[in-house]
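Visitor: Please take me through one part of this model up close, and keep it friendly for a beginner. I'd like to see how its pieces touch.

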Amino acid sequence: MDMSEKGLIITAAPHLRDRVATPRIMQVVFIALMPAALCGVYFFGPWAAINLVVGVASAVLWEYAIQKIWKFDITISDGSAALTGLLVALTLPPAVEPWVTALACLIAIGPGKIVFGGLGYNIFNPALIGRTFAALSWPSVLSAGYVAADGITAWKRGFDVVASATPLGLLKTGEIGATSLSRFYGPLFFGNVGGSLGETSAIALLIGALFLLFAGIITLRIPLVYLLTTAGLAMLFNQDPIFHLLSGGLILGAFFMATDYVTSPIKPAGQIVYAVGLGIFTFMIRMFGSYPEGVAFSILLMNCFVPLIERFGAQKRFGEVRNRA
Amino acid sequence: MSAFKEFKKGLWAESPTFAMLIGMCPAMISSTAVSNAVGMGLAATFVLVFSNLFISALRNMIPDKIRIPCFIVVIATFVTIVDLSMAAYLPDLHRILGVFVPLIVVNCIILARAEAFAYKNGVVDSIADGLGMGLGFTLAVIILAIIREPIATGKILYAKDFGFEGIKLIPAKFAAALVDKPVGGFMTLGFVLASINGITSRSKKAKQASAACAAKEV
Amino acid sequence: MRDFIRYGAILTVICVISGVSLAFVYSKTSVIIEARQAKEAMKAMAVVLPSATDFEPIPAIELSAASGGAQGVVEAYLGKAAGSTVGAIVKVESAGYGGMITMLVGMDTQGVCQGMQVISQSETPGLGANVKEEPFYGQFAGKKGVLSLVKEGGQIDGISGATISSKGAVAGVNKALNIAKALLGM
Amino acid sequence: MKELFIILLSTILVNNYMLARIMGTCPFIGVSNQFDTAMGMAAAVIFVMSLAAAVTWMVQYYLLVPLGLGFLQTVSFILVIAALVQLIEMIILKMSPTLYRALGIYLPLITTNCAVLGVAVINVREGYNFIQAVISGTGGGIGFSLVLIAMAALREKLNTAPIAKSFQGFPLALIITAQMAMAFLGFSGFNLEKLFGL
Amino acid sequence: MAVRTFVGGIHPAQCKYACDAGTVTAPVPARVTVPVGPSWVGYKVLAPKGTEVKVGQKLADNEGFMCVPTHSPVSGKVVDAKPYRAHTGLEFLGITIESDGKQELCEGIAPVEDLDSMTPEEIRNVIREAGMLGMGGAEFPTHVKLSLPQGVKVDTVVVNGGECEPYLTSDHRMMTEKADKVVHGTYIVMRSVGVKRAIIGVEDNKPDAIAALTAAAGKYQGIEVMPLKSSYPQGYEKAIIKATLGREVPPGALPFSVGVVVVNVGTAAAISDRFTTGLPLIKRYVTVSGEAVSRPATVEAYIGTYASELVELCGGVKGELGKAIFGGPMMGVAVPSLDFPITKGTSGIVLLGRQQALFWKEMPCIRCGRCNEVCPMFLQPSEIHKYALAEDMARAEKLFAADCMECGCCSYVCPSKRPLVQSIKLAKQYALARRKK
Amino acid sequence: MIVNSLLILGGMGLVFGVALAVAAKLLAVEHDPKVDMILGVLPGANCGACGYPGCNGLAKAISEEKAPCGSCLVGGSSVAAKIAEIMGVALEAGDGPKFSRLMCAGGKGIAKDIAEYKGIDTCAAANAVSGGFKACSYGCLGIGSCVRECPFDAMYMGEDGLPKIDDSKCTGCGKCVSVCPRKLLALRSAEEPVNVVCCSKAPIPKSKQDCSAVCIGCQICVKNCPTSAISMNGTVAVIDNSKCTKCGICVQKCPVKCIHNLFGPDSDLRVEA
């Protein structure tokens, strides 16, 4: 009764909206990451499972706590915090001590997102801010977290872990040569190789990526240009391009993090510039930097320049005739 | 009396680091440890006091058009004195602060005080101002260092020059090495500034509210 | 015209005063600084070769002859105690992960490594940079022969996650020991 | 040639004066809130840094070294830089009052941009020859400008964000700087010699 | 070849409930309020309070070029002639007539016999005198559209049968039932601008309309029926020109700048009516639809009939009424109540239930770029929106806010449910106001 | 060494001192010292209420005599006097300080809402949607864009859903006036306290159902004003303040209570309400 007294609702047009909503997008990305997460759990054993749970739960908790303390609106229901937590866990070593995951999530959610005004305003990919902070703060703890990917054996071992190096790490230390790396193709493709929790299994990541493509969440522009640039540079420098494509976090980064709406350019031309930059930085850091992997750094680096990229490039209006000088 | 006021303002209300946001580079570098903070802070204070003293004493002589070169020569002289003395007597600190000791010259605080205060005020006030600003800077850097040092190293008050081993606060395993880097400095200063903003605005609001209540009662 | 002279003169006067006072301070402090630097160098040498009390630099020509043209040899000293040679110290550079690791290695006349100190390095903080920490460098004292990492069946525990840095350091020590042996005529 | 390229790339990316060496924070934070101002400042910094590198190199190797007056480095460098900046300031004021207004108080403060003195001191420490020193100065200026402009674009983008009151302005700018610096740590230990096959 | 269309746009659920329901002819209403317009300022009321009027009698007129006369849809007595608050919230002059039910025709209402001997000027004059306005919703005077500036040549008439708004079926019904009239009206329009070619663009989700029109068009030379892809906003003037002819109308320009005149199918049929029966524009097809209508249908209603009456005719409100929209759900105006008369441009009345109408939870923009992709004007809605909300209108204007035609695609697709169009509209208003200065 | 350093630094000082002196002569730029002086007097709020880009812009305009000395609304008469002193001109006799006042009494329970608005939370946006959610298309929407616009925190929303002004903070800058889409705010000085607080241009007779405080155009005030200060301007009464004697008769007689004394209680007027 009270409602009808208020009269009808008036709003500006349009009066219909599409069903796709932001929380739904987050859910879809979350689901698309599940194959990779499950692969990680299978190959790396119980610590991986614990880290995944700690990542997701702590990210949501941190977001809730910070917003509660600062008296902001609580936005955990939009699903972005859970997704960030998942990504943090997936980009960290599988058997890293869980306190690292939790603290990385704190950095991701606090300085990485909420201080900028929350979802949609952050400049850097929050998950990578968290991950990189952890990697630079506790390097030895992290390096101890890379464990052998043994599948069932890993589960049988339980919480005792066997340390293992990542293929890119071996390449960097010169323990494997730069060429004829084809023996790694199989493990890299299926995931039974050392590496971060969610980055090792190319097939699982590609299944998720296909899912995202079909759901219309991402387009191929950024990932494809990113991967091609990296592969092209690898060939230019006499490296094995397939090894470079499959190893490290490249596929995870290209399909799930470089395509993050908030921190990538909107315009197609800008997206291509962004993706080329990602490819160059990734390959340069892998080859000439002091870190074995450069995906996280290169995404953060290009994030710095997104607004700058966005400023350039004229806009073509409908029906506009360019002056032919 | 006025000299005391000039001294006091630099400590907090017009703190060069927290209120005026100048001289941040040395603050970033030296706030990695309390001992470094004290060293850098006192060095800057020394330079500030003496440059303010000389500039205010000479202010009637220095023509407006060449005041900046004059200021900077005076400042650079004292900085070099500090640099040489530090290298002689506190070598470890000198090594950590490295290139940033000569760069005290370009610490905006010093030139800014010369320009904004010493050039316009008397000798006593200028010394007070220099001392206040210098100690304000020192205080700010120490506050930053108190936050950064334990997070970065797990210990506090480590000072090799004086043989302090430091007090252990958290296990070394948890120490976040990144906080030792400028990254941590910027982050810490950002959060400290935000907290100061938050606290002052809250206390301002509380003051306003109490004033409003008082007004109502009348 | 008056301004030209006045401006020039004022700035000159200030500069002159500055120059004179700085020269004075420099003349006072430079002595102390040099003395201290020498003392520090001595201290580091005393750590890597505790038995010696006196260090005698080896001329460059002699050193290059002893090193047989090896790269990255910086300088070397003979350690003396009560007039007799008790060992040698060699300062070498060895390629690490992020750049050159410069280190001081001491060896006694028996061919036993007496200690190693990292003078400068640019390794990854928290990982490779740990070469300058006691747990790593402390392992070298008392070791003899050609050293290698445990991983390769040797005696030195590498820093986990920093194989290149550890290897570089070990290679540097081996190089220094070789030169020291040559210097001591072993 | 390769060597100069390495110096250039190194000063722009690897040893970026702002993000890796932490020099010039005050103008970086102060001038980066407006894109257009940042562009003006960027141009000024590149110019002043190149010029300062050149002039201080000459001071060092033609005056101080022959006379054994290394301890006068700081005083003489800063004197040269201050005087040059002031001359440039006068010229800009005369030629383009608009540019002068845009840079406002920051033009004299370029004098106190540590990066300018920093590049002079570092050139000497690295033992660069004249051309290398100038390249290093220009590269330093470009590197500083690059991050300054990127920062200005970032901050302009954040103008419309619902940032908590206490974080608005400097605190957030510092936190962004921290995160940018973290991203630039990816370049640390960059082996540019290897890139150019040296 | 793929079905022709434009770039961008969306595919909302069609919800064309009234499509198969046929057309209901509304009874003569007891009371009508005829809006005088488009802008009532300066209109001379020819039938003041108390006047007895007949069907088709001129009620008000204005000499101005942009003005057309208003005619009485009923016979009866004028009981009021004063400004009223129209459904858009603007004040309009409304002439309220109480019907006597006799529907006596006014003297002088007669068909035009000698169309072929008329000059374009004369045809345009007849159209103006009949009070023709664009019946797609914009209510732009038809004779103005047909009066080309000197030196401008057009080669094609595009008849807009792109009824892309969900729910609405009035044009669809019109094209199916009165295909002959649409085609005849098209022919008259071609005569009035002196072109030999006309394209009737119809979306391919209306096969029966395409069939009927194709059959009717066979009688004339140069009239082609072109199926278009069913996509929103296919019925937007610039979009349909792009779809049918591949030409892009420059920003701020009118269709004649690319040699085209666009008229709505409803307008074409009304023009035909005027020439064949002599009646001015007093009736139109109105779709009454939406989840909150009992029996959705297309109604042939008299201009000035109150919306509440039309809703009653369709079985009244079903469930709890949340929102009533004049026009389609994408561009229509939400009205505070049903107590408003329909105008010449009211193509539909859409009623939504309260649950359906409740606002979506607004979330921050995540920069997904969907709005950019769908914008048929190639704008960057998210950016304009950002600046408009920050009241940085100058910057919003620089991003060409004024090009926006408020189709609503961006708001529709926005996953964060942001009020993009509303904010862009504010920026646009600012831009237009500034331009006037 | 001492001599060398003396010569080097002294020489450099000489060179640069002379160079700067020469440059100062050659590159001298005309600069009006008045600008700085005026800038020193201005409040420095950079509010833009004067229509110039910040205080700097106004100072320049005043120094070039493009703007009158009293252009700074925020600074009021004291600042105007100081500027006039700098400029060496006599200050024009102006009226007292002005304050913002709302010319609508249609708050909650007085003016009716006809619909529920959802959308962008500004008055301009709400006003553009179907003519607003209020029955009266001229009354205050009560969303508070003016409150948010006020640079001096002088406005707040009252419990009746209308904006209220804190005169101790209001500087009469007029920002709120310009932001109101319905032009309901006006600047008034204490010399012009009696006002008709209704702006409805709806045709007479108006529906009192929509708003009980709407000026119904009855002209009782016009007839009763002893100094003929009230007249009808279209559909609402207006008071000519130059003729108003603040007698308060109109306030008392208005049948819909839409004539208010906007500065203090009605008892300030000579005739008690």
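**A close look at chain E, with a side trip to chain A**

Guide: Of the 13 pairs of chains in contact, chains A and E share the most contacts, where contact means heavy atoms within 4.5 Å. Before going on: this is a predicted model, where local features need pLDDT of at least 70, side-chain atom pairs count only at pLDDT 80 or more, and totals for chains, interfaces and linings use all residues. Residues are numbered from 1 along each chain as its sequence is written, chains are lettered from A and ligands numbered from 1 in the order in which they are written, and side-chain values use heavy atoms, with hydrogens and water left out.

Chain E doesn't touch everybody. No contact joins chain E to chain B, and their closest C-alpha atoms lie 23 Å apart. Chain C has no contact with chain E either, with 36 Å between the closest C-alpha atoms.

Now look inside chain E. Its domain assignment (the bounds come from an automatic or database assignment) gives domain 1 (29-99 + 282-353), domain 2 (115-277) and domain 3 (370-436). The C-alpha centres of domain 1 and domain 2 of chain E are 24 Å apart. Where these two meet, domain 1 of chain E puts in 35 residues and domain 2 puts in 27. Together they bury about 2400 Å², with 59% of that from carbon and sulfur atoms; buried area is the accessible area (1.4 Å probe) that two parts lose on being put together, summed over both.

What holds hands across this boundary? Between domain 1 and domain 2 of chain E the count is three salt bridges, each a side-chain nitrogen of Lys or Arg within 4 Å of a carboxyl oxygen of Asp or Glu. E:Glu129 and E:Lys58 form a salt bridge, at 2.6 Å from N to O. There are also 18 residue pairs in polar contact across the two domains, both residues at pLDDT 80 or more. A polar contact is a pair of N or O atoms within 3.5 Å; within protein, one must be able to donate a hydrogen and the other to accept it, and residues adjacent in sequence count only if both atoms are side-chain atoms.

On the domain 1 side, strands E5, E13 (283-289), E14 (297-302) and E17 (348-353) of chain E each give two or more residues. Helices (H or I, at least four residues) and strands (E, at least two) are DSSP runs, numbered from the N terminus. E13(E) gives the most to that side, six residues. The whole domain 1 side splits into 13 nonpolar, 15 polar and seven charged residues. Here Ala, Val, Leu, Ile, Met, Phe, Trp, Tyr, Cys and Pro count as nonpolar, Asp, Glu, Lys and Arg as charged, and the others, Gly among them, as polar.

E5(E) turns up again in an open sheet of three strands, ordered E3-E5-E6 in chain E with antiparallel pairing. Strands E3 (44-45) and E6 (70-71) of chain E are the edges, pairing on one side only. Two strands pair if DSSP finds at least two bridges between them, and two bridges join E3(E) to E5(E), residues 58-61. There, E:Lys44 sits opposite E:Asp61.

Last, the side trip: chain A gives 34 residues and chain D 33 to their contact. They bury about 3000 Å², 77% of it on carbon and sulfur atoms. One salt bridge crosses this interface, between A:Arg311 and D:Glu156 at 2.9 Å from N to O.
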